[in-house]
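Biologist: Could you zoom in on one part of this model for me and talk me through it? I'd like the backbone and the surroundings in one go.

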Amino acid sequence: MTTVEPRVVPGAVTTFQVASPDLEAVVRDLADLRLADMFASGAEHTTLRLVWANDTAGQAGYVVTETPVDSGEYPALSDIAPAAFVEECEIYEQFGTRPAGGKPLNRMMLPPHASLPTLGRKPPAEPEEARAPHMVGGQAFEFPFGPVRQVGVESLYYGLVTSGEEVVDLYLFTWHKHRGLEWRLQGKTPEQALFLAERTEGLSAVAMTWALAAAAEAAAGVQPAKAAQRTRAVALELERLYNHAAAMAALCQSTGLSVGQSAAEIALERLLRLNASAFGHRYLFGVIGTGGASRAPDTDAIRDELPGAYSEFKRAADALLGTNSFVDRLEATGILTADQARDLGLVGPVARASGLTADARLVPGGPYGTQPAVATATAGDVLARFTVMLAEAAESVRLIGQFLDAGTAASTIELPRTAGTGLGWAESPRGEALAWVALGDDGRIARARLRPASARNWRGFDDACRSQNVFTDIPIIEASFWLTAAGMARLQGRRRMTLWFIRGIRRGVVTTRYPARPDASARFLPTPPAFRPRALTRVTADRLVASCPSGALRRDGGVLSYDVGRCTACGRCAAEAPAAVQSSGEFELAATARSVLIKRIPLREER
Ligand code: SF4
């Protein structure tokens, strides 16, 4: 068996090659570390990369293994490291490479029958074969919920399996949203890529752009200035503060506490206005630049407004913790054990509320050093997640003060156009955000991997919902996870822009003739009738009027009146008098005036 020493050097990312036959042994050897990500690259020759994180205090860092898997298969790594399962499904959908042994895979990113482009080879089997059995038996039934759930909430489908009130099981489908960000990043310069990374999940805009910028900087061998790094950290802590306020408001909404929700939303609004005062954007877009920060904070605004905004946050939080009806709903709801969180590689407040200590801010090389006090809890329920968020908010305020005192500035570096690979990270409000890039010789991105914390933590949501909860607990658990569907939607191939739209942009023509050609389906689908006046007598017309169920036909003396707007294309008139009526084969009946749709056909005199 091959043994690999975990070569985690504090402050560095260690990358090493693993031959395909050795991969399983290496994964067993590294299984004490947290599997932070797994992804593939290369359409012709596929390379599998595993990112391992060491979360031990004082030894924090990452190990990346690279393995060529040209055979189309690799060992079933999720049997050793369960956190790999979601990525095994993604990799099959995107690269057609699957774990050995025929293990059933869930559909993860692409909807059924999707014809969206992939990052590598398409799977050799039909999409249906990549769907794990979905069984509901006994007295249980599946309650479908979503993907459209309520106004302003992202598309997500829950299959809630229940026997009445208790949640027996929960299937989560996250593939209703498609944006193809990783696909779009190919060929972009790192500077261009930040615009897209910022939109990976807008509520983690700072964290995702920081992670991608850091990955590109590592690939290009660039180190941002200290003051610019502290600017990034100030923005990141402001991002954490407003997200935790938003999660508090969502918890109040899910528990029906409208007064608490209003109090939390007042705090949220004050924090968003503070963001706008400090960096010119309520959601902190545009702060991170390659090699540093594009904007310096308005330190006076932060010093003036942060204490008031945070005291509003604290007032709402203290009131909620003193409200028994609120605390009772959170306690023992949505429990995740430390083992579950560890097996699934969860991150952020969700993992820390179950007793784990993962926090990407502690990885050396950034502006934090050993400063952040990592808040943890052990209960693993919604209340534990809430209290961890509250402690983190207090710590964010303290850290912002320290970074401002140490000095912040805006400065960026244009990255040299060189080839290389790099891994970047940042601790988003939802947990560790990762990015990995491979730059080509021209300095453009050949492959970018984005792994927001949401992509990690959704896999723990199912387990939290199954832990002896009832229907009404689900929104409370979802609020306490505070994840985004957008974070899962970063991978898929892009939707093709319709050709007429592209043509219009190129030629400046915004309208085209419609229809461009006769619709082929008119040959076999029923269409409204066309009349032959020479075969239409009053007697025939009366038969047609009698046969018409919609009232579209009427005889006015020597004229047959035909109202196209009322015709249902049922075909009865053509069947009644085929010599006088035929199918028109014409669908395109739009008119600008209702009166145009009424035709008057003169009738032949009887002889
Ligand atoms: S196709 Fe049907 S609805 Fe239309 S005019 Fe003929 S009988 Fe009436």
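Modeller: Let's go to W482, which sits just after α14 and takes a positive phi of about 50°. Keep in mind that this is a predicted model, where local features need pLDDT of at least 70, side-chain atom pairs count only at pLDDT 80 or more, and totals for chains, interfaces and linings use all residues. Numbering runs from 1 along each chain as its sequence is written. Helices (H or I, at least four residues) and strands (E, at least two) are DSSP runs, numbered from the N terminus.

W482 isn't a glycine, yet its phi is positive. Its place is the loop that links α14 to α15 (499-507). W482 also counts as buried, as it has 24 C-beta neighbours inside 10 Å. For the cut-offs: buried takes 20 or more other C-beta atoms within 10 Å of a residue's own, exposed takes 12 or fewer, partly exposed is in between, and the C-beta atoms are placed from the backbone.

Now step back into the helix itself. α14 spans residues 474-481, and 7 of its 8 residues are buried, so the rest of the structure largely encloses it. The buried ones are I474, I476, I477, E478, A479, S480 and F481; note that a glutamate, E478, is on that list. What's doing the covering? Among the elements over those buried residues are the strand β9 (167-173) and the helices α6 (226-254), α9 (324-330), α11 (348-352), α12 (382-406) and α13 (453-466). Covering goes by contact, meaning C-beta atoms, placed from the backbone, that lie within 7 Å of each other.

If you want something to hold up against W482, try L284. Phi of L284 is near 65°, again positive in a residue other than glycine. L284 lies in the loop between α7 (258-279) and β10 (288-289), and L284 is buried, with 28 other C-beta atoms within 10 Å.

That β10 strand brings us to another helix you can set beside α14. β10 is one of the elements covering the buried residues of α4, along with α3 (181-185), α5 (205-220), β13 (431-439) and β14 (445-451). α4 runs over residues 190-198, and its buried residues are P190, A193, L194, L196, A197 and E198. So a glutamate turns up in both buried lists: E478 in α14 and E198 in α4.

Note on methods:
Two residues are in contact if their C-beta atoms, placed from the backbone, lie within 7 Å.
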